[in-house]
Amino acid sequence: RHFPCPPSSPKNLCVALEIQCNNSAVFVAGRYNKYSRNLPQTPWIIDGERKLESSVEELISEHLMAEFKADSFNFSSSGREDVDVRTLGNGRPFAIELVNPRRIHFTAEEMKGLQQTINNSSDKIKVRDLQLVTREAIGRMKEGEEEKTKTYSALIWTDKAIQKEDIAFLDDMKELKLDQKTPLRVLHRRPLALRCRIIHTMRAEYIDEHHFRLQLKTQAGTYIKEFVHGDFGRTKPNIGSLLNRTADILELDVESVDVDWPPTLDN
């Protein structure tokens with residue numbers, strides 16, 4: 001009723017007003033060590049104000065962004081450590097999604113050189129096994145986040161004097177079950193919940209009357225600081241209750257994150 005069929009041919013050719021070219025995202029994975037007790041994993045910004053000048057995420061991503069010539073990035077990792085906790089051993093697995101990169105092809109040698117560039121740029125972090133991966137492969141890292149075990153080393157202080165024999169029983173404790181309410185320090189960003197976690201093994205090394213070092217192998221997701229000081233009774237049992245005295249944690253190191261990803265490279 002309203003238009004001829006077939007319609008009449010247009011009198012003018014179409015004109016392209018804008019053309020955009022975008023590349024699919026590229027994913028880079030590796031493992032990082034953090035050697036500073038004053039470096040957050042991601043930018044620490046509260047109420048729009050930056051608290052510390054850098055982060056693990058920024059120290060790694062700035063070089064990747066420059067080489068891949070990407071528009072933006074998304075950082076993810078297998079768990080996270082607190083700002084004052086070091087990550088040692090083979091490091092913590094991480095992955096970075098590079099959005100709309102202008103360059104996508106890198107040889108193994110070029111990736112090795114990029115890894116060296118990152119490592120030379122700061123003494124606060126080191127990366128290893130830097131490699132290109134698929135989007136699907138990142139799922140394996142997230143799977144391991146809750147399922148795997150983690151090993152820690154904690155320097156502990158006690159208010160009452162201790163002797164070697166006072167802490168010897170910790171070595172014999174296996175598969176200790178904890179009930180942990182969400183710690184007060186993360187309650188502003190995590191829902192209140194009661195989580196059951198397991199300390200698989202412990203090994204205590206006596207230092208002096210008020211200090212000892214504790215090696216722990218735990219279920220992923222265990223709050224170690226709260227296991228030491230008890231978090232006002234929100235973690236039960238805790239080192240303080242086991243020793244029947246006040247205990248606090250002075251230093252914490254992540255010794256290993258037992259996620260077998262990404263594949264180890266010979267570099």
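These exercises work through a predicted model.

**Exercise 1. Disulfides**

Task: Find how many disulfides the model holds, and explain the result for Cys-5.

Solution:
- Start with the cut-off: two cysteine sulfur atoms must lie within 2.5 Å.
- Next, take the sulfur of Cys-5 and look for the closest cysteine sulfur, which belongs to Cys-14.
- The separation is 20 Å, so this pair is too far apart for a bond.
- Applied to the structure, the rule gives zero disulfides.
- Now check the surroundings of two cysteines. Cys-5 has a relative accessible area of 78%, so Cys-5 is exposed.
- Cys-196 stands at 44%, which makes Cys-196 partly exposed.

**Exercise 2. The neighbours of strand E12**

Task: Work out how strand E12 (residues 247–257) pairs with strand E5 (residues 86–99), and then how E12 pairs with strand E7 (residues 149–158).

Solution:
- Take E5 beside E12. The two strands run parallel and are joined by two bridges.
- Pick a residue pair: Arg-86 has Asp-253 of E12 as its bridge partner.
- Turn to E7. Here the pairing with E12 is antiparallel, and nine bridges hold the place of contact.
- Pick a pair again: Ile-156 is opposite Ile-249 of E12.

**Exercise 3. Arg-37 and two acids**

Task: Which salt bridges does Arg-37 form with Glu-251 and with Asp-253, and which parts of the chain do they link?

Solution:
- Begin with Glu-251. Its side chain meets that of Arg-37 in a salt bridge, at 3.7 Å from N to O.
- Locate both ends. Arg-37 is in the loop between strand E1 (26–34) and strand E2 (45–46), and Glu-251 is in strand E12. They are 214 residues apart, so the link joins distant parts of the chain.
- Move to Asp-253. Its salt bridge with Arg-37 has its closest N and O atoms 2.8 Å apart.
- This pair also links distant parts of the chain: Asp-253 lies in E12, 216 residues from Arg-37.
- Finish with accessibility. Arg-37 is partly exposed at 26%, and Glu-251 is partly exposed at 31%.
- Asp-253 is at 5%, under the 20% limit, so Asp-253 is buried.

**Exercise 4. Glu-81 and Arg-92**

Task: Are Glu-81 and Arg-92 buried or exposed, and how far apart are the closest N and O atoms of their salt bridge?

Solution:
- Get the distance: the closest N and O atoms are 2.9 Å apart.
- Place the residues. Glu-81 is in the loop between strand E4 (72–77) and E5, while Arg-92 is in E5, with their positions eleven residues apart in the count.
- Read the accessibilities. Glu-81 has 5% and counts as buried. Arg-92 has 1% and counts as buried too.
- Widen the search to the whole structure. It finds 14 salt bridges.
- One network of salt bridges links Asp-82, Asp-84, Arg-185, Lys-225 and Glu-226.

**Exercise 5. The largest pocket**

Task: Describe the largest pocket by its volume, its lining residues and the make-up of that lining.

Solution:
- Volume first: the pocket holds about 1,000 Å³ of space.
- Then the lining. There are 36 lining residues, and those closest to the centre are Arg-80, Glu-81, Asp-82, Arg-189 and Arg-190.
- Ask which elements contribute. Those giving two or more residues are E2, E4, helix H3 (135–147), E7, strand E9 (194–208), helix H5 (224–229) and E12.
- Sort the lining by type: 14 residues are nonpolar, eight are polar and 14 are charged.

**Exercise 6. Two pairs across the chain**

Task: How far apart are the C-alpha atoms of Val-83 and Gln-41, and those of Asn-33 and Pro-93?

Solution:
- Place Val-83 first: it is in the loop between E4 and E5. At 23% relative accessibility, Val-83 is partly exposed.
- Val-83 and Gln-41 are 42 residues apart along the chain, and their C-alpha atoms are separated by 6.9 Å.
- Now place Asn-33, which belongs to strand E1. Its relative accessible area is 1%, so Asn-33 is buried.
- Asn-33 and Pro-93 are 60 residues apart along the chain, with 9.4 Å between their C-alpha atoms.

Methods
Residues numbered from 1 in each chain as written. Predicted model: local features only at pLDDT ≥ 70, side-chain atom pairs only at ≥ 80, totals over all residues. Heavy atoms only, no water. Buried < 20%, exposed > 50% of the residue type's maximum accessible area, 1.4 Å probe, protein only. Pairing = 2+ DSSP bridges. Helix = DSSP H or I, 4+ residues; strand = E, 2+ residues; numbered from the N terminus. Salt bridge = Lys/Arg side-chain N within 4 Å of Asp/Glu carboxyl O. 1 Å grid on protein atoms, 1.4 Å probe; cavity = no way out; pocket = protein on both sides within 12 Å on 5 of 7 lines; lining within 4 Å. Points joined across faces, edges and corners; volume = space filled by probe spheres on them. Nonpolar A, V, L, I, M, F, W, Y, C, P; charged D, E, K, R; others polar.
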